[in-house]
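Trainee: Could we go through this structure together, step by step? I would like to practise reading it.

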Amino acid sequence: MQILKLTAGDRLELKKPHPCGGSVFRLVRVGGVCRVVCEKCGRDTEVDRIKLERAVRRILPPEQT
């Protein structure tokens with residue numbers, strides 16, 4: 001398995017959806033433990049980096065504001 005190049009601000013589509021139904025998360029903090037925020041409901045959670053890398057389906061382009 002290859003290490004993903006993750007940076008704060010990336011949008012990630014995960015394999016399993018959040019209980020609210022959203023599957024797109026914004027990466028807030030990167031490290032051994034990463035912090036992600038659900039874009040649908042705004043809930044934030046911390047996930048181990050290894051677990052997060054396995055759960056990522058694809059890295060989406062940043063949202064234009």
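**Strands, core and cysteines**

Mentor: Gladly! Keep in mind that this is a predicted model. As a way in, five bridges join strand β3 (residues 33-38) to β4, and these two run antiparallel.

Trainee: Which residue of β4 is the bridge partner of Val33?

Mentor: Start from the pair itself: β3 and β4 are antiparallel and joined by five bridges. Further along, Cys34 stands opposite Val47 in β4. For Val33, the bridge partner in β4 is Asp48.

Trainee: What links β3 and β4, and which residue in the turn has a positive phi?

Mentor: The two strands form a hairpin, with five residues between them. In that turn, one residue has a positive phi of about 90°, and that is Gly42.

Trainee: What is the order of the strands in the open sheet?

Mentor: The sheet has five strands, and their pairing is antiparallel. β3 is joined to β4 by five bridges, β1 and β2 pair over three bridges, and four bridges join β1 to β5. The full order is β4-β3-β2-β1-β5.

Trainee: Which strands stand at the edges, and why is one side of each left without a neighbour in the sheet?

Mentor: Look at the ends of the order β4-β3-β2-β1-β5. A strand at the edge has a single partner strand, so one side of it is left without a neighbour in the sheet. The edge strands are β4 (44-48) and β5 (56-60).

Trainee: By how much are neighbouring strands of this sheet turned against each other on average?

Mentor: Here direction is ignored, so to speak, and the value is an average over neighbouring strands of the sheet. That average turn is 40°.

Trainee: Is β1 covered on one face or on both?

Mentor: Take the residues side by side: Arg11 and Glu13 are on one side of β1, and Leu12 and Leu14 are on the other. All four are buried. The covered faces of β1 are therefore, as these burials show, both.

Trainee: Which residues stand opposite Arg11 and Leu14 in the neighbouring strands?

Mentor: β1 pairs with β2 in the antiparallel sense, and β1 also runs antiparallel to β5. In β2, the residue opposite Arg11 is Arg26. In β5, the residue opposite Leu14 is Val56.

Trainee: With which side chain does the side chain of Glu13 make a polar contact?

Mentor: Glu13 has its place in strand β1 and is buried, with a relative accessible area of 13%. Leaving aside neighbours within four places in sequence, Glu13 is in contact with Ser23, Ala55, Val56, Arg57, Arg58 and Leu60. The polar contact, at 2.5 Å, is with the side chain of Arg58.

Trainee: What separates the C-alpha atoms of Ala55 and Glu13?

Mentor: Ala55 lies in helix α1 (residues 49-55) and is partly exposed, with a relative accessible area of 24%. Its contacts beyond four places in sequence are Glu13, Leu14 and Lys15. Although Ala55 and Glu13 are 42 residues apart along the chain, their C-alpha atoms are separated by 8.6 Å.

Trainee: Which strand gives the largest share of the largest nonpolar core?

Mentor: That core has eleven residues, including Leu6, Phe25, Cys34, Val47 and Val56. The elements that give two or more residues to it are β1 (11-14), β2 (24-29) and β3. The largest share, three residues, comes from β3.

Trainee: How many disulfides does the structure hold?

Mentor: A disulfide is a covalent bond between the sulfur atoms of two cysteines. The sulfur of Cys41 is 3.8 Å from the closest cysteine sulfur, in Cys20, which is too far for a bond. For Cys34, the closest cysteine sulfur is in Cys38, at 17 Å, and that is also too far. The number of disulfides is zero.

Trainee: Are Cys34 and Cys41 buried or exposed?

Mentor: The cut-off for buried is under 20% relative accessible area, and partly exposed lies between that and 50%. Cys34 has 0%, so Cys34 is buried. Cys41 has 41%, so Cys41 is partly exposed.

Note on methods: Residues numbered from 1 in each chain as written. Predicted model: local features only at pLDDT ≥ 70, side-chain atom pairs only at ≥ 80, totals over all residues. Heavy atoms only, no water. Pairing = 2+ DSSP bridges. Axes fitted to C-alpha atoms, helices over the stretch in contact; angles between N-to-C directions. Disulfide = S-S within 2.5 Å. Buried < 20%, exposed > 50% of the residue type's maximum accessible area, 1.4 Å probe, protein only. Core = buried A, V, L, I, M, F, W, Y, C linked by side-chain atoms within 4.5 Å. Polar contact = N/O pair within 3.5 Å; in protein donor to acceptor, adjacent residues only side chain to side chain. Contact = heavy atoms within 4.5 Å.
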